[in-house]
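Student: Hey, got a few minutes to go through this model with me? I'd like to hop around a bit.

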Amino acid sequence: SGIPLDRYYERYRILCDFTPETLRIVEFLQLHRREFKQRSESGLNTEEKVRELVALCREENLLRALLVFTGADRAAWESERQDPARWFNTRELYDKAMNHFRPGLDSRAALGAAGYSPREQAIIEDFGDAFFSGTYCLFISRFGSHLLRLADQPDSTPPRVVVLRDGASVILGVAARDYPGLAACITGALCHLGIDLQQAHLFSAMHHGLALDFFHVAPETPSLPPQSLRAVEQAIVQRRHIADADEAGLPAVPGDKTLSVWKDGVYRLEVQTTTDARGFLYALTYKVFRHLRGNIYGLGARTIRGRAFISVYHSLPEGLNLDAARAIVRERF
């Protein structure tokens, strides 16, 4: 209508006896009703993204109202069951933002209470702020003892792959010794098993050579039998799907490819295509590992109105600048 919101809602304050505070919240929700949806679809929940949301809301009551409105508004037509990864990201973003208003106990402090020695705490704390500030740290009890064995007995301790659940999200958690190409090895194993992904968040304890990765399975994926998990573990041990010869079997990845700076030290390779994107995450992680020599931090795959958006978040090695990397993407991707 072109009527400013404060004037539009003024008549409701007069005729319906709504309080100014109620109308202030309504105006905020009207202006920012898509905030959680857009932010949860835009990649990893970085501290910068959290600070932006905190600055937008300014107070915890508006943040809380925005989450409640988002859940109510999309309860049926964009439900968690239809898009579990986005709702996982929404809850994590809300929790991180709320922590700015109501700082809680540092999740690292719980390690001592759980019985970890100072040395053991140091090993697990090596996964860093990105891990401990988010939702994934809640799963540390499933992997803590195994991670310590991987650190102390690397030659005799196999990787561990388990199924985790958070709301409607089905997540494959992977604890393993870290090595170049691990992300491509895992996505390759999942691709060959016919398991599609929505996103993945990958964490490294760099001083101890450990990886703790979380792969969100697409909602239409059937149940994951134990033999699938063992197949992924075997692929990690044997370093499958990352040899030079494996490139010949990769699917072609048509569509627009963009390599850009996502934040300091992290780049995003994004592909937009109308083609069936099955297998594209594996193809892209393989090429980022093989041709860009990048460490991968996160993956995303989303389809909107028949168009697929696939993202790989990664580093570039020292000596390879953005222009040179873009040339490699044009030639080899």
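**Walking through the model**

Tutor: Sure. Let's begin with helix H11 (residues 182–192), which is mostly covered: nine of its 11 residues are buried. Keep in mind that this is a predicted model.

Student: OK, which residues in H11 are buried?

Tutor: Leu182, Ala183, Ala184, Cys185, Ile186, Thr187, Gly188, Ala189 and Leu190.

Student: And what do the buried residues of H11 pack against?

Tutor: Quite a list: strand E2 (169–177), E3, strand E4 (210–217), helix H12 (226–238), H13 and E7.

Student: What follows H11?

Tutor: Gly194 does, and its phi is positive, near 75°.

Student: Let's switch to the sheet. What's the strand order?

Tutor: It's an open sheet of eight strands, running E1-E2-E4-E3-E7-E8-E6-E5, with antiparallel pairing. At the edges you have strand E1 (160–166) and strand E5 (256–263), each pairing on one side only. From one strand to the next, the twist averages 15°.

Student: How many bridges join E6 to E8?

Tutor: Seven, between residues 266–273 of E6 and residues 307–314 of E8, and the two strands run antiparallel. If you want a spot to click on, Leu269 stands opposite Val312 in E8.

Student: Which strands does H13 touch?

Tutor: Helix H13 (residues 280–292) packs on the sheet against strand E3 (197–205), E6, E7 and E8, and its direction makes about 35° with that of E8. Helix H14 (residues 322–332) also packs on the sheet, touching E5 and E6, and there the angle with the direction of E5 is about 155°.

Student: Staying with H13, is Phe289 buried or exposed?

Tutor: Phe289 sits in helix H13, and it counts as buried because its relative accessibility is 16%, below the 20% cut-off.

Student: What does Phe289 touch, not counting residues up to four places away in sequence?

Tutor: Pro180, Gly181, Ile242 and Gly294. As for Leu150, which is 139 residues from Phe289 along the chain, the two C-alpha atoms are separated by 23 Å.

Student: Now the nonpolar stuff. How many residues are in the largest nonpolar core?

Tutor: That core has 52 residues, and Phe215, Ile236 and Leu292 have the most contacts inside it. H13 gives the most to this core, with nine residues. There's also a second, separate core of 25 residues, which includes Ile123, Phe127, Leu148 and Leu210.

Student: What is Ile236 in contact with, leaving aside neighbours within four places in sequence?

Tutor: Pro159, Val174, Ala176, Tyr179, Leu182, Cys185 and Ile186. Two of those names, Cys185 and Ile186, also appear among the buried residues of H11.

Student: One charged residue before I go: where is Arg302?

Tutor: In strand E7 (residues 296–304). Arg302 is buried, since its relative accessible area is 15%, again under 20%.

Student: What does its side chain make a polar contact with?

Tutor: The side chain of Asp83, at 2.6 Å. With neighbours within four places in sequence left aside, Arg302 is in contact with Glu41, Asp83, Arg86, Arg307, Ala308 and Phe309.

Student: Last thing: what pLDDT does the chain average?

Tutor: It averages 93, and 100% of the residues score at least 70. Among the elements, helix H1 (residues 5–16) has the lowest mean pLDDT, 77, and E4 has the highest, 98.

Note on methods. Residues are numbered from 1 along each chain as its sequence is written. This is a predicted model: local features need pLDDT of at least 70, side-chain atom pairs count only at pLDDT 80 or more; totals for chains, interfaces and linings use all residues. Side-chain values use heavy atoms; hydrogens and water are left out. Helices (H or I, at least four residues) and strands (E, at least two) are DSSP runs, numbered from the N terminus. Buried means under 20% relative accessible area, exposed over 50%, partly exposed in between (1.4 Å probe, protein chains only). A polar contact is a pair of N or O atoms within 3.5 Å; within protein, one must be able to donate a hydrogen and the other to accept it, and residues adjacent in sequence count only if both atoms are side-chain atoms. Contact means heavy atoms within 4.5 Å. Two strands pair if DSSP finds at least two bridges between them. Axes are lines fitted to C-alpha atoms, for helices over the stretch in contact, and angles run from 0 to 180 degrees between N-to-C directions. A nonpolar core is a set of buried Ala, Val, Leu, Ile, Met, Phe, Trp, Tyr and Cys residues joined through side-chain atoms within 4.5 Å. pLDDT is the predictor's confidence in each residue, from 0 to 100.
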